[in-house]
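Q: I am new to this structure. Please take a close look at one part, chain B, from its overall build down to its odd backbone spots.

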Amino acid sequence: MSGAALENDLEKLAVAARGPGLCKSLLGRLEEILDGREMRFMEVCGTHTVAIFQSGLRSLLPKSITHISGPGCPVCVTSEKDVSFFLELAARPDVIVATFGDLLRVPGPDGKSLRHAQAGGGNIAIVYSPLDCLALARSNPDKKIVFLAVGFETTAPTVAATVIAARKAGLGNFLIFPCHKLVPPALLSLLEKNDNGLDAFLLPGHVAAITGLEPFAFIPADFQRPAVVGGFEPADLLLALCRMAEMLATGKPAVENAYARVVSENGNPRAREIMDEVFEPCTALWRGLGDIPCSGLALRKEYEDFDACKRLDIYPSAMDKPRKGCRCGDVLKGRITPPDCPLFGHACLPSNPVGPCMVSSEGSCAAFFKYGDV
Amino acid sequence: MADNILLDAGSGGMASQRLIKEIFVSRFDNAMLNAGDDAACIANAHAPLAFSADSYTVAPLFFPGGSIGSLAIHGTVNDVSMLGARPRWLSCAFIIEEGLPLATLEAIADDMARCAKEAGVALVTGDTKVTPKGACDKVFITTSGIGEIYANPPLSGASAKPGDAVLINGVIGDHGLAVLAARENISFLSSVKSDSAPLADLVESVIEAAGEVHVMRDPTRGGLATTMNEIAAQSNVCIELDEAAIPVSADVSAACSFLGLDPLYLANEGKCVCVLPRKYAEAALNAMRASKYGRKAAIIGKITAAKPGKVILRTRIGGERALGMLEGAQLPRIC
């Protein structure tokens, strides 16, 4: 099937998965399966957070279901230490900081963000794809283009491909500051350290499209919780919730794929190969969750000349201390919901955010603030 | 004249005169402008008057469906007409970066002349400055416009009442997406065109057909969601929108889904919302649909007293959520 035809079919299926009739019948089925039983599920994907709110699904879910947002927003889980380093990079006259737009407003320890750095003369370029950096590198040969490599398994392959392309093109002034994080280790950390009464997990559709299902197998195997890969349209989400509820009812937890039109059991091996060529797992510092082994990606030795820290000989060194009163960490762990944070909606607003959960377009607090108060 | 605009052309001397005459006066051609005075003399304006100003800094200068020139006319014509006024006279001030190709300025002026003619307005006065390279981004245009108000009372964002219906004259999001695609070279969006259009005729026909209209407003920067929030705040009412009823083209919908953008926050330049008593909604709808720029008009919501100042979206699947204002610009998602 041609690329265009496949995309067209996928789009048609996505449209069908928004169908009100289909959603109504799935909601009915979900109520039947639950039969009043409580179900606390966590999603770990910012796009899921937004989809559940934006579609109005949250307002329709049976009262016995509790939706908790976990550490699924790559911007939100970027540590204070790393944000301080972004600002340090932006202050260097020999550097152009290239970043996804979402990082622009995340406040550092003193409340200043890249937006402020930009207004103060810092050279910051918003890119829609890491590949955009290559053009920047070519047209600014006297500057170092440092790409803030934030994102989960969905984004890392493209960044890896960009590094490979830069090497092929002999671009010596393209660098990255690797901040990628991997989802399965974060889920393991959550389940090992803290039981916040979660019954099931909604697994990230885009991440699973890369990783496949195997990395999530420990969730039912070691922790006896159902885990279902879900898509992003309302019917996709409802289908995933139905599967979760069914497994809870039968007491047979497993990892299941409820987004088969995009996610295959084995994920995307080619994307993983590309990631693997350029990156290797390392310990990463997650906001709210602390250091988690093998949960980040570092550049392999063969590619270390693309590492901004090594090339510029500067390293993140700021204290990793949240701003006073900020409870983003607890929100990310699913321990509290945004309205439980005393700063929410008062001292912490989109116009004046204290932490990244209020800033990121996929942040839990931002979603509550924007969509929740009907 | 040289192929590129030089600093001399903004200094007020002969080079300036030549530029103004050959690029602008020749195209905009009307008695008031041709008189060549420091200000236009408008001898026969009928009060009350509507007066609006807008600046245009769009990049790129040309994009599918429009240009900075067409926006400069349509934007001000539309703002004036939203009070229930017939736009008549526009001023236009240009700030040009030295080195701008003459052909570019000519093309912009051509667009402005064409759009002014269609809108039935005259560009009667203006100004031209040329800045050194780097002091502005190619060209900035400011237009202001005067119109004669025929609606009685003049329409206002503070006039929405519980029980009113909310209409829009067509699909949303096309302009915002077209400009984004052109600026970022997103090739798969090449079919999306700006909806930039003059709406004065449409507005007048709606007011005439309905008899009583409370608010008309064009949802430009910030999109439909922002405009609805402005009206809800100004009128201290609640606005409930029906997501399924809001017209969005398939192309825009798919692109937004891919990029993680919400069409409700994308700019429009040829759309207006209309708030009026429910009993006149069908008459207004028919008038919109009969108009060149209203074929896909729809009733999209209603005004209630429930939660003053709030905008609520009844979603396609029958749920509901708040529809707030964004803090700043909308940005595509990471992953």
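A: Here is chain B, from the whole chain to single residues, with a stop at the cores.

First, the ground rules. This is a predicted model: local features need pLDDT of at least 70, side-chain atom pairs count only at pLDDT 80 or more, and totals for chains, interfaces and linings use all residues. Residues are numbered from 1 along each chain as its sequence is written, chains are lettered from A and ligands numbered from 1 in the order written, and side-chain values use heavy atoms, without hydrogens or water.

Start with the build. Chain B has nine helices and 13 strands. These are DSSP runs, numbered from the N terminus: helices are H or I with at least four residues, strands are E with at least two. The C-alpha trace spans about 65 × 55 × 30 Å along its principal axes.

How does that compare with a compact globule? A globule of 335 residues would have a radius of gyration near 20 Å, and chain B has 21 Å, which agrees. The radius is taken over C-alpha atoms, and the globule rule is 2.2 Å times the number of residues to the power 0.38.

Now the inside. Of the 335 residues, 54% count as buried. Buried means under 20% relative accessible area, exposed means over 50%, and partly exposed lies in between (1.4 Å probe, protein chains only). Distant parts of the sequence meet here. Among contacts between residues at least 6 apart in sequence, 85% join residues at least 24 apart. A contact means heavy atoms within 4.5 Å.

The surface comes next. Chain B exposes about 13,800 Å², and carbon and sulfur atoms supply 52% of that area. Such areas come from the Shrake-Rupley method with a 1.4 Å probe; for residues, only the protein chains shown count as cover. The chain carries 29 positive and 36 negative side chains. The centres of these two sets lie 6 Å apart. Lys and Arg count as positive, Asp and Glu as negative; His and the chain ends are left out. Each charge is placed at NZ of Lys, CZ of Arg, CG of Asp or CD of Glu.

Then the cores. In soluble globular proteins, nonpolar side chains tend to be buried together. A nonpolar core is a set of buried Ala, Val, Leu, Ile, Met, Phe, Trp, Tyr and Cys residues joined through side-chain atoms within 4.5 Å. The largest has 77 residues, and A:F86 and A:L89 are among those with the most contacts inside it. Its largest share, six residues, comes from helix α4 (residues 80–90) of chain A. A second, separate core holds 38 residues, including B:I5, B:I96, B:L105 and B:M112.

Last, the backbone. Most residues other than glycine have a negative phi, and most peptide bonds are trans. Where are the cis bonds described here? One runs from B:A47 to B:P48, with omega near -5°. B:P48 lies in the loop between α2 (31–34) and β1 (49–56). Another cis bond runs from B:N152 to B:P153, with omega near 5°. B:P153 is found in the loop between β6 (139–149) and β7 (164–168).

B:K138 is not a glycine, yet has a positive phi of about 65°. It lies in the loop between β5 (122–131) and β6. Is B:K138 buried or partly exposed? B:K138 is partly exposed, because its relative accessible area is 41%.
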